[in-house]
Amino acid sequence: MGDGSSLEAPSRGKARVGSASWLDALLVLCAVVSGGMTLLVAGFVARESTRVLWVVGLSRWFTDPSWHPASGLFNALPMVVGTLLTSMLALVLAVPAGVLSAAWARWVAPAWARGPYRALVALLAGIPSVVYGLWGLTVLVPAIARVQAPGSSLLAGALVLALMVVPTIALFAESALASVPAPLLQGAAALGLGPWATLRGVALPAARPGLVAAVTLGAGRAVGETMALLMVAGNVVELPGSVFDPVRTLAANIALEMAYATADHRSALFATGSGLLVIVALLVLVADRAQRARA
Amino acid sequence: MTGTLRDRAYQAAASASALFLLLGLGAVLIDTFAAALPRLDLDFVRLPPSDAGRAGGVGPIIVSTLCILGVALAAAVPPALGAGVFLAELGGRLARPVRLSLEVLAGVPSIVFGLFGNAFFCKVLGLGFSILSGGLTLACMVLPILVKATEEGVRAVPSEYRLGAAALGLSRGSYLWRIGLPQAMPLVVTGLVLGVGRALAETAALIFTSGYVDRWPESLHDSGRALSIHVYDLAMNVPGGDASAHASAAVLVLAILGVNAVVAALGRWVRTR
Amino acid sequence: MIPLLLLACASDSGAGSDSAPVRLTLTGSSTVAPLVSELAKRYESQNPGARIDVQTGGSSRGVADAASGTADIGMASRAQKQDDPADLVFTPIAQDGIALIVHAENPVAELSREQVVSIYTGGIASWLDLGGADLPITVVNKAEGRSTLELFCHFFKLEAAAIKASVVIGDNAQGIKTVAGNPGAIGYVSIGTAEYERDHGTPIELLPLDGVAPSVASVKDGSFPMSRPLNLVTRGQPAGAVADFIGFARDAAQHDLVAGQYFVPVD
Amino acid sequence: MIAVADLAVHYRDKCAFAGVNLSVARGTITALVGPSGCGKSSLLSCLNRLVDMVPGARASGRVDVDGCDVLDPRLDLVAHRRRVGMIFQKPNPFPLSIRENIAFPLREHGVRDVGERVESALRAVGLWTEVNDRLDRPALGLSGGQQQRLCIARALALEPSVVLLDEPCSALDPIASGVVEDHVASLRGRYTVVIVTHNLAQARRIADHTAVFWVRGGTGYLAEHGATEQVFGSPRTDVAAAYVSGSRG
C-alpha cells in the first residue's frame with residue numbers, strides 16, 4: 001500500500017467526522033501560527049531597517065570603504081562573508097563528527113554506553129553559549145595565539161561553533177538512525193555487508209530526512225549564534241585572509257553594537273539583521289531545491 | 001580486504017568522533033565545575049545575590065529561570081505539536097511554506113529575537129519587562145526545533161499503525177492521541193531536550209525581555225533575571241565575578257540535567273501510558 | 001486595607017507622595033547597572049515597600065528611555081553629548097577612568113601619546129620597535145558606538161574609522177581576558193576593573209598615561225587624564241521619588257557601594 | 001453482499017487494474033488469487049476505501065457493500081470501515097497492551113460493554129486461554145501467529161459484516177498459518193470474507209468462490225471468477241487453467 005502521508009486524504013472522506021474536522025482546523029491553525037511567527041519577526045526587523053535603507057540604498061552595503069555606521073559608512077560584505085565562513089567551517093567539522101558519533105552510539109558502542117552517552121550529549125546541547133564563549137576565550141584563543149596572533153579568529157569561532165552545533169546534530173542524527181527499520185539492517189547483514197557499507201548504503205539513505213533535519217537545525221543555530229562568536233572570533237570587520245584572521249559575524253555585530261546604537265546606526269543594525277534573514281532564507285530555499293531535485 | 005579496512009577506519013572514526021565530543025564536553029564541564037567549586041554550596045542555590053553577584057547566591061534567579069522556561073514550554077509545545085502533526089499528517093499546499101518559514105525562523109539570531117520580543121511582547125502587548133515577555137520570546141525561538149522534532153517523530157511511525165487504525169475506522173484524533181504521538185515521543189523528547197537547552201542557555205533574547213532584576217519574583221508580570229544572563233553579567237561585566245559566574249553556570253548545567261530527566265521521564269510515561 | 005489601596009494607586013506612577021510606596025524603573029548602561037542594582041537594594045531595604053527595577057541595554061538606550069519616559073531614570077556611562085535631547089539632565093553618581101593595559105610579561109613600561117596613536121593606526125606593528133620583544137602587536141579595540149571608544153578617540157584625537165584593530169571587544173572583562181591570553185596584546189579598559197583583576201593574579205599590567213599611574217586614587221584626585229562620568233539621566237530636573245533616589249545614590253553613605261564596584265565616588 | 005462494477009484503480013499515470021466486475025454473496029468466502037502486481041490488493045483496498053491513503057491513487061467504477069455506494073466521496077468512512085474489517089499481511093497490533101488493542105477501537109466507536117467484548121473476541125480466535133493472564137502486557141510481545149489472531153480479534157470485536165484479509169498467513173510459520181487459516185474458515189456464514197492469497201491450496205481449502213487475476217500490458221484484470229471447485233476443476237480460460245495447474249504464474 002505504499003506509505004500514505006496522511007491518515008486520510010485531507011480533501012475527502014474524513015470531513016464528515018465531527019471530531020476530525022475541528023481537529024484538522026486546529027492543526028492548520030497551529031501550522032499557520034507557527035509559520036506566521038517568521039513573518040512577524042521578519043516584518044518587525046524589516047520595519048526597523050527601512051529608515052536607513054531609504055537613505056543608504058542597497059549597493060552601498062557592499063561598496064562603501066568600511067563599516068563605520070556612526071560615520072555613515074556601511075560596508076557589511078566582510079560580515080556576510082564572515083558569517084558564511086564561520087558557519088560553513090563549523091558545519092564541515094560538526095556534521096561528520098555528529099553523524100559519526102551518532103553511528104558510534106547506535107552500532108559501535110557497547111550497549112551500556114548508549115544511555116549515558118545520550119544524556120551527556122543532551123547536556124552538551126544545553127550548555128549556555130556564554131560558557132562556551134568563556135571557555136573559548138580563556139583556553140582556546142590563547143592556544144591559537146601561541147601559533148599565530150591574535151588568536152581570536154575565524155578558526156577559534158568555527159571551532160567553538162562546531163562544538164556547540166555537534167550535540168544538536170548528534171542528538172537528531174541518533175534519533176534518525178534509530179528509526180531505520182530493523183529489517184533493512186538485517187537485510188544488509190544478510191547480504192554480508194560490513195558496518196561501513198551498511199551505514200553508507202543502507203542506514204544513511206534510509207535516515208536521510210532525519211539527517212537533513214539535523215543538519216538544517218545545526219546550520220540554523222550556527223548562523224544565528226551570537227554571544228560565543230562575539231567572545232572568540234575577534235570581531236574585526238575585514239575580509240579574512242586566512243583562518244587565523246579575525247572575523248565579525250552579522251549576529252555578533254548586532255549584539256556588539258546594538259546597546260550603544262541610536263538613530264541610523266540602530267536602523268543599520270536591523271538592516272544587517274534583515275540581510276541575515278535573507279541569507280538564511282536563500283540557504284533554506286537552495287537546500288529545499290536540492291532536496292526536491294533528489295527526491 | 002578493502003572492506004574490512006574501510007570498516008575499521010569507519011569504526012575508528014566513529015569512536016574518535018564520540019571521543020572528541022566527550023572530550024569537548026569534559027574540557028568545558030571540568031573547567032566550569034573546577035572554577036565553580038569554591039562557591040558551590042547549599043546557600044548558593046538558596047540565597048539572593050549580593051554585591052552584584054560576587055557574594056550571596058542565585059536563589060531568585062533559579063526561580064525566575066524556571067518560570068521563564070515554564071512559560072516558554074507552555075506557550076510553544078501545544079502549537080509545535082499541532083504544527084508538527086500538520087506537516088507530517090495533513091500536508092497539502094500549506095505545508096511547504098510553513099516548513100520553509102520555520103527553517104528560516106531557526107536561523108534568526110537570538111539577539112534579533114530579543115529586540116523583537118522587546119518591541120512586540122514588552123511594548124505592543126504591554127507586558128513590559130517580565131517573565132511572561134521573556135518566556136514568550138523564548139517560545140518563538142524554540143518553536144522551529146519542537147515542530148521539526150514532532151514532524152520527524154510522527155513521520156517515523158510505521159505506516160502499518162496508520163493503516164491499521166484507518167482500517168478499524170479510527171478518527172485521526174484518536175489515532176494520534178493513542179498511537180501516533182506516543183510513538184513519536186522519542187523524537188519529540190529529543191526536540192524538547194534541545195529546546196530546553198537552547199532556552200535555558202539563552203542570553204541575548206532575554207536581556208531585553210525578562211530583564212535584569214534579581215529580586216524574588218512574585219508573579220509572572222515581574223521582571224526576573226535568567227541564570228544565563230547572570231552568568232554573562234558576572235563574566236563580562238562584573239570584575240571579580242568569575243567564580244560566581246562559573247558557579248552559576250554549574251547550577252545552570254545541573255538545572256538542565258534535572259529538566260532533561262523530567263522531560264525524558266514524561267516522554268516514557270506518555271509512551272507506555 | 002489602606003496599604004493595599006495605596007499600592008494600587010501607586011502602581012501607575014513612580015513619583016507618588018512620600019507616604020506612597022515608590023516604584024521606579026531604570027534602564028541603560030550595562031557598566032552602571034550592577035552599581036545601581038546594589039544601590040537599589042539598599043534603598044529598598046531602607047524604604048520598605050519601594051521597588052526599584054533595574055534593566056540594562058546600553059547607554060543610548062538609557063538616554064532614549066529617559067527621553068521617551070519609558071524609564072523613570074536612564075543610566076549612561078558617558079557625559080552629555082550635544083545631540084542628546086536638550087531637556088535631559090545628567091547627574092553623575094560615580095567616575096570611571098580608562099587605562100591602557102598590556103600583558104604582564106610585556107617589558108614595555110610606558111607609551112607616549114604618539115606611540116599609542118601610531119600603534120592604533122597601524123604605524124607600529126611590533127613590540128620590537130618599542131623596546132619590547134619581537135612580537136606582533138595585537139591591537140584590542142572597543143566596538144563602534146561604545147562610550148569607552150568615544151572617550152579613547154576623543155582623548156587621543158583619533159578617528160574611529162582610522163583605527164586598525166586586530167581584535168574588537170565588547171565589555172571590559174572580554175578585553176582583560178583577551179589581553180591576559182595574548183603576550184602581544186594592548187587594550188584599554190575601565191581602571192577599577194583592571195586594578196581588581198591585576199591584584200587578583202590576572203597577568204595584565206596598567207600603563208601610565210602622561211606620566212600618571214592609572215589607579216582609582218589618581219582618578220579621584222583628578223590627576224589621571226582619561227576618565228568619564230557615570231550618569232543618571234532624567235527628563236527635566238529630578239523631582240519627588242526620582243530626586244530622592246538620585247540623592248540617595250550620591251550620598252556619601254553609599255560611597256562604599258560605589259567603591260565596591262571599583263568605581264570612583266563623586267562628591 | 002458486495003458488488004463491484006467496472007472498477008479500475010490508477011496510481012498517478014499507471015493503471016493497476018481495470019474493468020473488474022465481481023459479486024460476492026453474503027456469508028461466503030471468496031479468494032482472490034493471481035501473480036504479484038495484478039491488482040488483488042488494490043481491489044481489496046477499494047472495498048474499505050483504504051485506497052484513499054495512497055497519494056495519487058484514484059478509483060473509478062462502482063463498488064457496493066451491503067447496498068452502500070463505497071466510492072461516494074460523502075461516504076461516512078468511520079461507519080463504513082467499522083462494517084468492513086481488514087487484516088493485513090504483516091500483523092500490525094498497536095504498540096499498546098493486548099487488552100487495549102481491542103478495547104481502544106471499541107471505545108472509539110462508542111461501545112459500552114468493552115470488557116465482555118474483549119473476552120469474547122479473544123475467545124473467538126482461541127487467544128483467551130493463551131493470554132488471559134497477561135492482558136495488560138504489550139501486544140508486541142506476542143508471537144507472530146498470536147499477533148495476527150489478535151488483529152483478527154480486534155477486527156471481529158467491532159462486529160463487521162465484511163472481513164477483508166490481505167495474505168494474512170504469508171508472514172507466518174506453517175503451524176501458525178494453519179491456526180489462522182482455520183479461524184478464517186470458521187468465519188463462513190457469519191461474515192462475508194474476501195481473502196487475497198498466493199497459496200492456491202489454501203484458496204482451494206477455504207474459499208467458496210475463487211477469482212483469478214492476471215496481468216496484460218502492465219494492467220491487471222479479472223481473468224475468471226466462479227465456484228472454487230469449478231475454477232480449480234474445470235477452468236474456463238487458458239490463463240486460469242495454466243495458473244491453477246501451476247504451469248504459469
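**Notebook: cavities in a predicted model**

I sorted the lining of the largest cavity by residue class and got 13 nonpolar, seven polar and three charged residues. The model I am reading is predicted.

Next I looked up how much space this cavity holds. The largest cavity encloses about 320 Å³. Its lining is made of 23 residues, and those closest to the centre are Met227(A), Ile207(B), Tyr232(B), Ser30(C) and Asp171(C). I then checked which elements give two or more residues to this lining. In chain A they are helix 10 (227–232) and helix 11 (250–258), and in chain B they are helix 9 (204–207) and helix 10 (227–236).

I went back to the count for the whole structure. The search finds ten cavities of 30 Å³ or more. A general note to myself: rolling a probe the size of a water molecule over the atoms shows where empty space is left.

I turned to the second largest cavity, which has a volume of about 120 Å³. From chain A, I listed Ala125(A), Thr168(A), Leu217(A) and Arg221(A) in its lining. From chain B, I listed Ala106(B), Met141(B), Pro144(B), Ile145(B), Leu194(B) and Arg198(B). By class, this lining has seven nonpolar, one polar and two charged residues.

Which helix gives the most to the lining of the second largest cavity? Helix 6 of chain B does, with three residues. Helix 9 (208–224) of chain A, and helix 6 (131–155) and helix 8 (172–200) of chain B, each supply at least two residues there.

How values were computed. Residues are numbered from 1 along each chain as its sequence is written. Chains are lettered from A and ligands numbered from 1 in the order in which they are written. This is a predicted model: local features need pLDDT of at least 70, side-chain atom pairs count only at pLDDT 80 or more; totals for chains, interfaces and linings use all residues. Side-chain values use heavy atoms; hydrogens and water are left out. On a 1 Å grid over the protein atoms alone, a cavity is a set of points where a 1.4 Å probe fits but cannot get out, and a pocket is an open set with protein on both sides within 12 Å along at least five of seven lines; lining residues have an atom within 4 Å of a point. Grid points are joined across faces, edges and corners, and a volume is the space filled by probe spheres set on the points. Helices (H or I, at least four residues) and strands (E, at least two) are DSSP runs, numbered from the N terminus. Ala, Val, Leu, Ile, Met, Phe, Trp, Tyr, Cys and Pro count as nonpolar, Asp, Glu, Lys and Arg as charged, and the others, Gly among them, as polar.
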